[in-house]
Amino acid sequence: MAVTRTYRVWGLTCGACLAVVLDAVRSLPGVRSAAVELVRDGGSRLVITAAREPQVETVRVAVELEGFVLGRSRGGRAGSGSSPGTGTENGQPALTADVLSRALSPTRRMPDGSRA
């Protein structure tokens with residue numbers, strides 16, 4: 001059964017930013033779909049549908065590697081905290097930006113779609 005979760009992403013200002021975040025999130029294991037409702041100068045709504053419960057730290061790192069901030073959704077739902085974690089996630093060590101970056105891609109995607 002699919003699980004849908006909502007997060008807030010801060011710092012998105014245009015369609016190019018939105019595309020970069022969607023590309024990063026859609027590449028995560030188990031993600032079936034992702035959509036963003038862009039709110040310029042505010043918290044854009046990120047909705048992820050996945051095969052199983054998305055690990056918040058994995059989503060956070062994917063978003064933050066692209067230069068944006070994953071924050072608390074309206075109502076402060078569990079699993080959408082406002083600050084990066086360094087502890088554990090569901091009893092497993094939290095992924096660091098370095099580990100996830102190497103696992104997902106050997107290069108970084110730039111806002112124009114090119115790779116650095």
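How far apart should the ends of helix H1 be at 1.5 Å a residue, and what distance do its end C-alpha atoms give? I began my notes here, on a model that is predicted. The twelve residues of H1, residues 15-26, should span 16 Å at that rise, and I find the end C-alpha atoms 16 Å apart, which agrees.

**Entry 1: the chain as a whole**

I counted three helices and six strands in the protein chain, and from the N terminus on I read the order of elements as β-α-β-β-α-β-β-β-α. Of the 116 residues in the chain, 38% are buried. I also looked up how the contacts are spread along the sequence: among contacts with a separation of 6 or more, 61% are between residues 24 or more positions apart. The accessible surface comes to about 6,500 Å², and carbon and sulfur atoms hold 53% of that area.

**Entry 2: helix H1 and its cover**

I went back to H1 to ask which of its residues are buried. They are Cys 17, Leu 18, Val 20, Val 21, Leu 22, Ala 24 and Val 25. What covers these buried residues includes strand E2 (31-37), strand E3 (43-50) and helix H2 (56-65). As a check on the H2 side, I took Thr 58, which is found in helix H2 and is buried, with a relative accessible area of 12%. Thr 58 and Val 25 are 33 residues apart along the chain, and I note a separation of 9.1 Å between their C-alpha atoms.

**Entry 3: the nonpolar core**

Which members of the largest nonpolar core touch the most other members? Of its 21 residues, I find that these are Leu 46, Ile 48, Val 59 and Val 63. E1, H1, E2, E3 and H2 each supply at least two residues of this core, and H1 gives the most, with six residues. I then followed Val 63 outward: leaving aside neighbours within four places in sequence, Val 63 is in contact with Val 9, Val 21, Val 25, Leu 46, Phe 68, Val 69 and Leu 70. I set beside this the general tendency that, in soluble globular proteins, nonpolar side chains are buried together.

**Entry 4: strand pairing and Ser 44**

I next traced how the strands pair. E1 and E3 run antiparallel and are joined over eight bridges, with Arg 5 having Ile 48 as its bridge partner in E3. E1 is also joined to strand E4 (residues 69-71), again in the antiparallel sense, by three bridges, and here the partner of Arg 8 is Gly 71.

Is Ser 44 buried or exposed? Ser 44 is found in strand E3, and because its relative accessibility is 0%, it counts as buried. Leaving aside its neighbours within four places in sequence, I list its contacts as Tyr 7, Arg 8, Val 9, Leu 12, Val 36, Glu 37, Leu 38 and Val 39.

**Entry 5: salt bridges**

How many salt bridges does a search of the whole structure find? It finds three, and I took them in turn.

In one of them, the side chains of Arg 5 and Glu 53 meet at 2.9 Å, N to O. Arg 5 lies in strand E1 (residues 3-10) and Glu 53 in the loop between E3 and H2, so this pair ties together parts that are 48 residues apart in sequence. Arg 5 counts as partly exposed at 23% relative accessibility, and Glu 53 is partly exposed as well, with a relative accessible area of 40%.

Another salt bridge joins the side chains of Glu 37 and Arg 45, at 3.4 Å, N to O. Glu 37 is partly exposed at 46% relative accessibility, and Arg 45 is partly exposed at 33%.

The remaining pair is Arg 60 and Glu 57, whose side chains meet in a salt bridge at 3.4 Å, N to O. Where do these two residues lie? Both are in helix H2, three residues apart, about one turn of the helix. I noted the reason that this spacing suits a pairing of side chains: an α-helix has 3.6 residues a turn, so residues three or four places apart point the same way. Arg 60 and Glu 57 are both buried.

Terms used: Residues numbered from 1 in each chain as written. Predicted model: local features only at pLDDT ≥ 70, side-chain atom pairs only at ≥ 80, totals over all residues. Heavy atoms only, no water. Helix = DSSP H or I, 4+ residues; strand = E, 2+ residues; numbered from the N terminus. Expected span 1.5 Å × (residues − 1). Buried < 20%, exposed > 50% of the residue type's maximum accessible area, 1.4 Å probe, protein only. Contact = heavy atoms within 4.5 Å. Salt bridge = Lys/Arg side-chain N within 4 Å of Asp/Glu carboxyl O. Pairing = 2+ DSSP bridges. Core = buried A, V, L, I, M, F, W, Y, C linked by side-chain atoms within 4.5 Å. Areas by Shrake-Rupley, 256 points an atom, 1.4 Å probe, with all protein chains shown as cover.
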